[in-house]
Amino acid sequence: MSRPEVTGPEATRPETSGDTWARLTVLSDPVRRRLYDYVAAHEGPTRREEAATAAGISRTLAAYHLDRLTEAGLLTTSYARTSGRTGPGAGRPAKHYERADEEVAVTVPPRSYDILARLLAEAIAADDSDGTGSALGAALTAAAEAEGRSAAATDQDLITVLMTRGYEPDIDDGGNITLRNCPFHRLARQHTDLVCNLNHALLRGCLIGCDEDPGRADLAPRPGHCCVVIRPPAA
């Protein structure tokens, strides 16, 4: 059953920690968690038949759990014909699932780090209002690179460092490391240039900490991915 529509003053009420807990508890079921992880790891929408096979359950049971995840706002749905055919005889469009773009987090007790991050980003943007750069921005870029070096200081390999930082790395056929998740997604939507440049500096620092060439980190934004692509080592 879908959530009731909220109108009037409550329509803009921020989600409470209780609401968030209720949404996240749907992942407590191990089968549901396997389905979510499978869909989240996919590039693009996933058919429920594929998810059912991956989880080792029936299509009907998979549909039930996937719809519960959708109701909780953790997945989104779309419809498409897998054959590409249209018109009479093409069959009904199949239901597809994809990880929702909206992030869900809870802290106990409640904390508002995102507000502090937004205020700092706005202050930095105001300090560089003429677009010529600022000492504050330069210091922050240096701090981001230092943070990246620190993240890789425990003798971990690059892929492990990226995974622990939430980037969800994936190596394509050309040897590029693409990053399927931006850990700073919400802030990046409001302050794209600032956050992407800091993220670039942080990932350069990760490469330095792993004894890799920092020049492999390339700013190459595209929808649904982190703004940085890590290129293969030079021949």
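How many salt bridges does the count come to? In this predicted model, the count comes to 14 salt bridges, and the points below take up several of them after a look at one of the sheets.

1. The sheet considered here is an open one of 4 strands, arranged in the order S4-S5-S7-S6 with antiparallel pairing. Strand S4 (169–171) and strand S6 (217–219) are at the edges and have a single partner strand each, so one side of each has no neighbour in the sheet. From one strand to the next, the twist averages 30°.

2. Within this sheet, strand S5 (residues 177–179) pairs with strand S7 (residues 228–230) in the antiparallel sense, over 2 bridges; threonine 178 has valine 229 in S7 as its bridge partner. Helix H9 (residues 192–209) packs on the sheet, where it touches S5, S6 and S7, and the direction of the helix makes about 170° with that of S6.

3. Aspartate 67 and lysine 95 form a salt bridge through their side chains, at 3.0 Å from N to O. This pair links distant parts of the chain, since aspartate 67 belongs to helix H4 (residues 59–71) and lysine 95 to strand S3 (residues 94–99), 28 residues apart. Aspartate 67 is partly exposed, with a relative accessible area of 25%, whereas lysine 95 has a relative accessibility of 18% and therefore counts as buried, the limit being under 20%.

4. A salt bridge also joins glutamate 168 to arginine 99, with the closest N and O atoms 2.8 Å apart. Glutamate 168 is in the loop between helix H7 (158–164) and S4, while arginine 99 is in strand S3, so the pair ties together parts that lie 69 residues apart in sequence. Glutamate 168 is partly exposed at a relative accessible area of 28%, and arginine 99 is likewise partly exposed, at 25%.

5. The side chains of aspartate 101 and arginine 189 meet in a salt bridge of 3.9 Å, taken from N to O. Here again distant parts of the chain are linked, with aspartate 101 in the loop between S3 and helix H5 (113–127) and arginine 189 in helix H8 (residues 185–190), 88 residues apart. Aspartate 101 is exposed, its relative accessible area being 52%, and arginine 189 is exposed as well, with a value of 55%.

6. Finally, a network of salt bridges links Arg47, Glu49, Glu50 and Arg59.

Technical notes: Residues are numbered from 1 along each chain as its sequence is written. This is a predicted model: local features need pLDDT of at least 70, side-chain atom pairs count only at pLDDT 80 or more; totals for chains, interfaces and linings use all residues. Side-chain values use heavy atoms; hydrogens and water are left out. Two strands pair if DSSP finds at least two bridges between them. Axes are lines fitted to C-alpha atoms, for helices over the stretch in contact, and angles run from 0 to 180 degrees between N-to-C directions. Contact means heavy atoms within 4.5 Å. A salt bridge is a side-chain nitrogen of Lys or Arg within 4 Å of a carboxyl oxygen of Asp or Glu. Buried means under 20% relative accessible area, exposed over 50%, partly exposed in between (1.4 Å probe, protein chains only).
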